[in-house]
Amino acid sequence: MDSKLKLNKISTKIENFDGYITSIGDIFGKLKNITIKGQITNIKKLEFDKYIFAFVTVKDDNSKIVCLLTGIRDDMKFLLKDMNVNDNYLLQGSVSILNEENDAFNDFPIKEYIIDNKLFCVRALERVK
């Protein structure tokens with residue numbers, strides 16, 4: 001990978017939430033600035049250089065999606081230590097569709113973690129009851 005990775009910290013508080021939650025099953029293509037709500041069913045971490053990539057599978061009533069949380073290793077350690085399978089979260093971010101044109105992902109062994117070529121890139125999350 002020869003390009004620089006630009007990362008923003010993932011917020012642990014949902015800001016500017018208008019109350020609308022997108023159902024995972026309704027996601028058909030690329031979407032920006034959406035909020036989903038679901039239960040964590042799996043967490044897979046990959047550590048690379050000074051980064052951690054966490055692939056967190058979240059399910060709502062009828063569907064699943066893989067959420068990508070990426071950050072500097074030291075920041076991500078603290079974020080991930082409190083996340084557990086069966087926890088419920090609100091997550092904000094954007095959906096990317098992976099295909100042959102997304103060659104930046106081809107350097108990493110991630111395709112086996114993705115469901116239906118959809119990847120929800122998380123910028124904020126908040127645990128809910």
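## Salt bridges and layout of the chain

At 47% relative accessibility, Asp74 counts as partly exposed (between the buried class, under 20% relative accessible area, and the exposed class, over 50%, using a 1.4 Å probe and protein chains only). Asp74 is a handy place to start, since its side chain meets that of Lys77 in a salt bridge. This is a predicted model, in which local features need pLDDT of at least 70 and side-chain atom pairs count only at pLDDT 80 or more, while totals for chains, interfaces and linings use all residues. Residues are numbered from 1 along each chain as its sequence is written, and side-chain values use heavy atoms, with hydrogens and water left out.

**Overall layout**

- The chain holds 1 helix and 5 strands (DSSP runs numbered from the N terminus, with at least four residues of H or I for a helix and at least two of E for a strand).
- Reading from the N terminus, you will meet the elements in the order β-β-β-α-β-β.
- Of the 129 residues in the chain, 39% are buried.
- Among contacts with a separation of 6 or more, 67% join residues 24 or more positions apart (a contact means heavy atoms within 4.5 Å).
- The chain exposes about 8,200 Å², and carbon and sulfur atoms supply 45% of that area (Shrake-Rupley method with a 1.4 Å probe; for residues, only the protein chains shown count as cover).

**Salt bridges in and around the helix**

- The count comes to 6 salt bridges (a side-chain nitrogen of Lys or Arg within 4 Å of a carboxyl oxygen of Asp or Glu).
- Between Asp74 and Lys77, the N to O distance is 3.7 Å.
- Asp74 and Lys77 sit 3 residues apart in helix H1 (residues 73-81), so about one helical turn separates them.
- Lys77, like its partner, is partly exposed, with 38% relative accessibility.
- Lys81 pairs with Asp82 in another salt bridge, and their closest N and O atoms are 3.7 Å apart.
- Here Lys81 is exposed at 55% relative accessible area, whereas Asp82 is partly exposed at 39%.

**A salt bridge between distant parts of the chain**

- Arg127 and Asp87 form a salt bridge whose closest N and O atoms lie 3.6 Å apart.
- This pair links distant parts of the chain: Arg127 belongs to strand E5 (residues 118-128), and Asp87, 40 residues away, lies in the loop between H1 and strand E4 (88-97).
- How accessible are the two partners? Arg127 is partly exposed, at 41% relative accessibility, while Asp87 is buried, with a relative accessible area of 15%.
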